[in-house]
Amino acid sequence: MGKTWYEIKDPTLAEAGIKRIEWAYREMPVVKLIRERFTKEKPLKDIRISACLHVTTETANLALTLKEGGANIILCASNPLSTQDDVAAALVEYDIPVNAINGEDEETYYKHINTALDNKPQLTVDDGADLVTTLHTKRSDLISNVIGGTEETTTGVMRLRSLEKAGGLRYPMIAVNDAQTKYLFDNRYGTGQSTIDGITRATNILWAGKKVVVCGYGWCGHGITLRAKGLGAQVIVTEVEPVRALEAVMDGFQVMPLIEAARVGDIFITVAGDKSVIDKAHLQVMKDGAIIANSGHFNVEINIPALDSLASNKRGIRPFVDEYTLDNGRHLYLLGEGRLINLAAAEGHPASVMDMSFANQALCLEHIAKNRGRLEPKVYPVPEDIDKQVARLKLNSLGIEIDTLTPEQKQYLTSWQEGT
Ligand SMILES: NC(=O)c1ccc[n+]([C@@H]2O[C@H](COP(=O)([O-])OP(=O)(O)OC[C@H]3O[C@@H](n4cnc5c(N)ncnc54)[C@H](O)[C@@H]3O)[C@@H](O)[C@H]2O)c1
C-alpha cells in the first residue's frame, strides 16, 4: 500500500502541506498527548481503518496519530470541495494512502470512497455517513470484517440513527458528534468562526450593518449568529423547532418565517442539516444583490436546481462566487456551489477546536478496538469518561485549573435527605 495507493492532485505540493500540518499541530495539544501514548502502547496495532473525512491539516494530524497507534489507515474526502491538495500530497509523503482531489466530480468522489473500502476496513471513520452508506449498500460483502466505526457530524449521526431504526445498521457506531467536547465547541465556535471566515474570504464584504439571515438555530447556528452579531450585523434567525426559536428570541435575535426574512436579508446562511431550506419561493423574493451560502453538511440546503431554473444567466464573478441573473432582473450570489462554505472557501475549523473533536475520535476508536466483540450494532454515545478526559486535558493544556468536590459536597449531591 503506502505511496503506491493514492490519487491526489499534485505531489509537488507536499512540502507546503507538511509545514501547514506542523503549524496546526501546535494548536492540538490533546491530540499530541494521545499520539505520544499511542506511539508507546500501539492500541490500534495492525487494525485497518478506512476514514472518510475533510482532508485538512487537522485530519492529517489525526491520521498520523492513528498510524502511530499501529493502524493501517487509508483516507478519502468527505466532500468534493473540502480537500486541501497540499495536505493530500503531504500525507502520501508520510506514507498514508489518500484518495482525494479538490473539485473532484461525484463519480470520482465515490470512486475514492470505494478505494478506501478496498482496504477491507476493521474500523470506519466517517463524516456525513457516505462511506458507511456505501459499505451498507454496495459493498456489504466487506461488513463481516468490521469491528465498529465513528461518525463525526450531526447529519451523519442522523443518517446512522435512521439506518439503526430501519433495522439495517450492521456494526457498532459511536456518535462522536454528540460528545459535549465536540458539539459545544466544534459546531458552535468552530463553525461560527470558520463560516464567517469562508464568506469573508469569498466576498470581502463588510458585516457591520448587514442583515444576516441564519437558517437553523442548532449548535452551528448558535456560533454563526454569535459571531455575525459581534461583527455588527443585524441577525435574523429562522427555525422550525419552537424551543430553539424561543431561545433565539431570548438571545436577542429577530425570529420570523423565512419567506418574510427572504425579502429583507442581505446574506443568507443555511445550517439546518435539512433539504431545500431555501427554496424557490424564497429565491423569488430575495433582494437584488443577496448573497447565499451554506455551512450545513450537504449541498441540499439551498435548492440549487430551482435557482438554476429561475436564472437567465450564470457567471463566476470571483472565486467561490457565482452570480445568477434572474428573469426578474435581480442578481443573487451563490457561494461555494452551496457546499459547506467554511471548508470550500476557507480552511475549515481552527486546529484548536478540532483538537477536541479528533481527540474524541482517537479515543473512541481505541475504545471500540478494546471492546471488540462486546458492542452491538447500535449507535452509542461517546463514553462519558472519554468526554470528560478530553475536557480535562484541554483545560490542562490551557493552564487552567478548576475546583474539586469536597467529600461533604459529593455526599450532598448524591443524597435526597437534606433539604431546607
Ligand atoms: N460546516 C461545518 O464545518 C460543520 C460543522 C459541524 C456540523 N455541520 C453540519 O451543520 C448542520 C447543522 O448542525 P448542528 O449541529 O447545528 O445541528 P442541530 O441539529 O443542532 O441544528 C439544526 C437546527 O436546524 C433546524 N432546522 C431544521 N430544518 C429547518 C428548516 N427547514 N428551517 C429552519 N431551521 C431548520 C432544527 O430545528 C435545528 O434546531 C448539519 O448538517 C451538520 O452536519 C457542519
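**Helix packing and a few odd backbone angles**

So, the crossing of α2 and α15 is left-handed. Keep in mind that this is a predicted model. The two helices, α2 and α15, pack at an angle of about 25°, and their axes are 8 Å apart. Anything under 35 degrees counts as roughly parallel, so that is what we call α2 and α15.

Who's touching whom here? On the α2 side you've got P29, V30, V31, I34, R37, F38 and E41, and on the α15 side D355, F358, A359, A362, L363 and E366. Sort the residues of this contact by class and you get nine nonpolar, four charged and no polar.

Okay, stay on α15, because it also packs against α16, and there the pair is oblique. Helix α15 covers residues 351–370 and helix α16 covers residues 384–397; the angle is about 140° and the axes are 10 Å apart. This time the crossing, α15 with α16, is right-handed. From α15 we have S352, D355, M356, A359, N360, L363, C364 and H367, and they meet I386, D387, Q389, V390 and K394 of α16. The class count for α15 with α16 goes six nonpolar, four polar and three charged.

Next up, α9, residues 219–230. That's twelve residues, and from first C-alpha to last the helix reaches 17 Å, close to the 16 Å expected. Which residues of α9 are buried? They're C220, G221, H222, G223, I224, T225 and A228. And what covers them? The cover includes three strands, if you're looking for them on screen: β7 (211–215), β8 (234–238) and β10 (267–270), along with helices α8 (180–203) and α10 (242–250). After α9 comes G232, with a positive phi near 95°.

While we're on phi: most residues other than glycine have a negative one. So have a look at D46, which isn't a glycine and still has a positive phi of about 60°. Where is D46? In the loop between α2 (29–41) and β1 (48–53). Is D46 buried or exposed? Exposed, because its relative accessible area is 56% and the cut-off is over 50%.

K120 is another one: not a glycine, yet phi is positive, near 50°. You'll find K120 in the loop between α5 (106–117) and β4 (123–126). With 44% relative accessibility, K120 counts as partly exposed.

To recap the packing: α2 and α15 are roughly parallel, while α15 is oblique to α16. That's it from me.

Key:
Residues are numbered from 1 along each chain as its sequence is written. This is a predicted model: local features need pLDDT of at least 70, side-chain atom pairs count only at pLDDT 80 or more; totals for chains, interfaces and linings use all residues. Side-chain values use heavy atoms; hydrogens and water are left out. Helices (H or I, at least four residues) and strands (E, at least two) are DSSP runs, numbered from the N terminus. Buried means under 20% relative accessible area, exposed over 50%, partly exposed in between (1.4 Å probe, protein chains only). Axes are lines fitted to C-alpha atoms, for helices over the stretch in contact, and angles run from 0 to 180 degrees between N-to-C directions. Angles under 35 degrees count as roughly parallel, over 145 as roughly antiparallel, 65 to 115 as roughly perpendicular and the rest as oblique. A crossing is left-handed if the near helix is turned anticlockwise from the far one by less than a right angle, and right-handed if clockwise. Contact means heavy atoms within 4.5 Å. Ala, Val, Leu, Ile, Met, Phe, Trp, Tyr, Cys and Pro count as nonpolar, Asp, Glu, Lys and Arg as charged, and the others, Gly among them, as polar. The expected span of a helix is 1.5 Å times one less than its number of residues.
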